[in-house]
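Colleague: I should like to learn how the features of a protein model are read. May we go through them one at a time?

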Amino acid sequence: MSPSWDIAVRERAELGEGPTWDPVTGRLIWVDILSARVHTYAPSTGRRTVMATGQHVGAAKPRAGGGLVVNLRDGVGLYAADGAFSWLVTDPVPGRRGNDAAVAPDGALWAGTMRYDEAAGGGTLSRVAPDGTVARMPAAVTVSNGTGWSPDGRLMYYVDTPTRRIDVFDVEGARIHGRRPFVTVPPGQGWPDGLTVDAEGCVWVAFWEGAAVRRYTPGGRQDRVVELPVRRPTACAFGGPGLRDLYISTARTGLAAPHPLSGSLLVLPDAGRGLPGTPFAG
């Protein structure tokens with residue numbers, strides 16, 4: 001079953017990614033990685049803002065004291081509420097950039113990277129504490145993407161896109177362990193990308209080259225499919241009043257004949273109920 005979607009923001013983003021709801025400002029935050037832009041959108045007023053970052057930006061998330069934490073090409077940076085920028089972590093590697101990131105229930109940032117050429121094993125997944133301490137997950141990573149947590153915080157879901165899997169870890173404090181497949185994606189459905197977890201513990205995943213967002217129960221069974229007109233949805237997140245609306249970022253990069261809505265921010269009204277997010281504690 002494919003519920004009806006709508007257009008939230010008509011845009012021509014090259015690589016729209018990482019929608020995130022900020023309850024303090026009532027805005028959705030999302031990025032255009034390759035254009036090095038952070039976008040915001042307030043559904044109640046339609047007001048939008050666009051901020052240039054100066055480097056490719058894989059993710060932007062709210063901070064507890066206002067402002068943003070951003071996963072950039074050369075590391076993790078901080079924007080204060082007044083727009084002032086500072087580096088929290090610098091780790092420049094030629095040919096590599098920051099990609100998707102997510103804030104854990106404890107306020108730490110889980111930040112992923114990937115190589116521009118998507119070389120196998122060229123990416124990373126790291127836990128960045130509020131004080132800038134970095135703990136890198138030792139497992140090999142190629143294209144680090146969607147990350148999210150179960151409602152009780154005991155499980156962490158994770159996508160390394162070329163594996164064609166959604167994996168799950170057990171969470172113990174600041175540590176994760178016991179990596180295992182949660183869903184193995186069959187051929188023909190595209191590539192798993194960004195994800196979010198709803199209040200029922202179901203996992204929603206955007207499928208690059210799959211023209212759809214799919215929902216999986218906590219047992220790993222697909223129970224909903226949202227078919228989209230664009231080939232490359234990239235990520236999804238709940239936002240709006242009561243966290244009822246599912247926002248979906250999309251991309252147009254690499255497409256010879258992109259759909260007119262490729263690069264826009266789409267929305268699925270009243271899709272369910274999301275989990276309140278946690279701002280970065282740094």
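Modeller: Let us begin with residue classes: Ala, Val, Leu, Ile, Met, Phe, Trp, Tyr, Cys and Pro count as nonpolar, Asp, Glu, Lys and Arg as charged, and the others, Gly among them, as polar. By these classes, the lining of the second largest pocket has eight nonpolar, five polar and six charged residues. Please note that this is a predicted model, in which local features need pLDDT of at least 70, side-chain atom pairs count only at pLDDT 80 or more, and totals for chains, interfaces and linings use all residues. Residues are numbered from 1 along each chain as its sequence is written, and side-chain values use heavy atoms, with hydrogens and water left out.

Colleague: How is a pocket defined, and which residues lie nearest the centre of the second largest one?

Modeller: Rolling a probe the size of a water molecule over the atoms shows where empty space is left. On a 1 Å grid over the protein atoms alone, a pocket is an open set of points where a 1.4 Å probe fits, with protein on both sides within 12 Å along at least five of seven lines; lining residues have an atom within 4 Å of a point. Here 19 residues line the second largest pocket, and Arg97, Met114, Glu118, Val143 and Trp208 lie nearest its centre. Its space is about 390 Å³, where a volume is the space filled by probe spheres set on the points, and grid points are joined across faces, edges and corners.

Colleague: Which strands supply at least two residues each to that lining?

Modeller: Strands (E, at least two residues) are DSSP runs, numbered from the N terminus. Those concerned are E10 (96–103), E11 (109–115) and E18 (191–197).

Colleague: How many disulfides are there?

Modeller: A disulfide is a pair of cysteine sulfur atoms within 2.5 Å. The count by this rule is zero. Cysteine 202 is in no disulfide, as the nearest cysteine sulfur, that of cysteine 236, is 12 Å away, too far for a bond.

Colleague: Is cysteine 202 buried or exposed?

Modeller: Buried means under 20% relative accessible area, exposed over 50%, and partly exposed in between (1.4 Å probe, protein chains only). Cysteine 202 has a relative accessible area of 4% and is therefore buried; cysteine 236, at 3%, also counts as buried.

Colleague: Which residues touch the most other members of the largest nonpolar core?

Modeller: A nonpolar core is a set of buried Ala, Val, Leu, Ile, Met, Phe, Trp, Tyr and Cys residues joined through side-chain atoms within 4.5 Å. The largest has 25 residues, and Trp204, Val213, Leu246 and Leu265 touch the most other members. Among the elements giving two or more residues are strand E1 (6–9), strand E19 (203–208) and strand E24 (265–268); E24 gives the most, with four.

Colleague: What does tryptophan 87 touch, and where does it lie?

Modeller: Contact means heavy atoms within 4.5 Å. Tryptophan 87 belongs to strand E9 (residues 85–90) and is partly exposed, at 36% relative accessible area. Leaving aside neighbours within four places in sequence, tryptophan 87 is in contact with Gln55, Leu72, Asp74, Gly75, Val76 and Gly77.

Colleague: Where is glycine 220 found?

Modeller: Glycine 220 sits in the loop between strand E20 (212–216) and strand E21 (222–227), and at 21% relative accessibility it counts as partly exposed. Not counting residues up to four places away in sequence, glycine 220 touches Phe182 and Val183.
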